[in-house]
Amino acid sequence: MQQVVNQEADQKVEAQTPEVEVDQARYEQFLYQIEGNQNLSMGIIGGIIAAVIGACAWAAVTVLTNYQIGWMAVGVGFLVGYAVRVFGKGLSKIYGYIGATLALTGCLAGNLFSICASISKQEVIPFFDLMSSLNPIIIVNLMKATFHPIDLLFYAIAVYTGYR
């Protein structure tokens, strides 16, 4: 009995659902218009700004809590991916690649800023003086010294989020 009622309800829903026809010419015109509005340079600029903001927020949270929260990487990835999409108005895969690359860069910068902020606080050295004294060798050594395998998971999630 219940099965008959369910079948009748399904038939009513199917009967009430109108078929949607897509005008192919209008659809192609719409896609052409969207593609014409894409702006890769604005997407890159927006993504860089978002990566810097995310990195600074990551460092601030780490310094305030005295604890590095790996989920901040996901936030950085989301922020960067959103900025690239909104400012670049892009649909092409290149926007995803840019978002993923900048998300990873923002995460690495957030980690570096956190490390430097902690050292600055512990050694009573002005943060910007410490940052200005860094070179690539010191940066690599600092990142190696503070690396944890779980960081890879959070970086991977951030890259995926930045791409999406």
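**Entry 1. The end of helix 5**

I looked first at what comes after helix 5 and found valine 124, whose phi is positive, near 55°. The model is predicted, so I note this as a computed value. Valine 124 is not a glycine, yet has this positive phi of about 55°. I placed valine 124 in the loop between helix 5 and helix 6 (127-132). Is valine 124 buried or exposed? Valine 124 counts as exposed, because its relative accessibility is 72% and the cut-off for exposed is over 50%.

**Entry 2. Other positive phi values**

I then checked asparagine 66, which is not a glycine either and has a positive phi of about 55°. Asparagine 66 sits in the loop between helix 3 and helix 4. With a relative accessible area of 63%, asparagine 66 is exposed. Lysine 89, just after helix 4, also takes a positive phi, here of about 50°.

**Entry 3. The chain as a whole**

I counted the secondary structure next: eight helices and zero strands. Along the sequence the pattern reads α-α-α-α-α-α-α-α. The chain has 164 residues, and 30% of them count as buried. For the accessible surface I noted about 11,300 Å², with 65% of that belonging to carbon and sulfur atoms. I also looked up how far apart in sequence the contacting residues are. Taking contacts between residues at least 6 apart in sequence, 74% join residues at least 24 apart.

**Entry 4. Lengths of helix 4 and helix 5**

I compared the span of helix 4 (residues 72-88) with what its residue count predicts. Its 17 residues should span 24 Å at 1.5 Å a residue, and the end C-alpha atoms are 24 Å apart, so the two agree. Helix 5 (residues 93-123) has 31 residues and reaches 45 Å from first C-alpha to last. That is close to the 45 Å expected at 1.5 Å a residue.

**Entry 5. How helix 4 packs on helix 5**

Two packed helices are described by the angle between their axes and the distance between the axes. I looked up both for helix 4 and helix 5: the angle is about 145° and the axes are 8 Å apart. Their crossing is right-handed. Which residues of helix 4 and helix 5 make the contact? From helix 4 I listed Ala73, Val76, Gly77, Val80, Val84 and Gly88. From helix 5 come Tyr95, Ile98, Gly99, Leu102, Ala103, Gly106 and Cys107. I sorted the residues of this contact into nine nonpolar, four polar and no charged. Glycine goes with the polar class in this sorting.

I also wrote down the buried residues of helix 4: Met72, Ala73, Val74, Val76, Gly77, Val80, Gly81, Ala83, Val84 and Gly88.

**Entry 6. Valine 76**

I picked valine 76, in helix 4, for a closer look. Valine 76 counts as buried because its relative accessibility is 2%, against a cut-off of under 20%. What does valine 76 contact, leaving aside neighbours within four places in sequence? I found Gly54, Ala55, Trp58, Ala103, Gly106 and Cys107. I also took one C-alpha distance: valine 76 and isoleucine 53, 23 residues apart in sequence, are 8.4 Å apart in space.

**Entry 7. Leucine 102**

On helix 5 I chose leucine 102. Its relative accessible area is 13%, so leucine 102 is buried. Not counting residues up to four places away in sequence, leucine 102 touches Ile44, Gly47, Ile48, Ala51, Val80 and Val84. The C-alpha atoms of leucine 102 and glycine 81 are separated by 8.3 Å, and these positions lie 21 residues apart along the chain as the separation is counted.

**Entry 8. Glycine 47**

Since Gly47 was among the residues touched by leucine 102, I followed it up. Glycine 47 belongs to helix 3 (residues 40-65). Is glycine 47 buried or exposed? With a relative accessible area of 0%, glycine 47 is buried. Beyond neighbours within four places in sequence, glycine 47 is in contact with Val80, Ala83, Val84 and Leu102. For one of these, alanine 83, I noted the C-alpha separation from glycine 47: 5.3 Å in space, at 36 residues apart in sequence.

Note on methods. Residues numbered from 1 in each chain as written. Predicted model: local features only at pLDDT ≥ 70, side-chain atom pairs only at ≥ 80, totals over all residues. Heavy atoms only, no water. Helix = DSSP H or I, 4+ residues; strand = E, 2+ residues; numbered from the N terminus. Expected span 1.5 Å × (residues − 1). Buried < 20%, exposed > 50% of the residue type's maximum accessible area, 1.4 Å probe, protein only. Contact = heavy atoms within 4.5 Å. Areas by Shrake-Rupley, 256 points an atom, 1.4 Å probe, with all protein chains shown as cover. Axes fitted to C-alpha atoms, helices over the stretch in contact; angles between N-to-C directions. Left-handed = near helix turned anticlockwise from the far one by under 90°.
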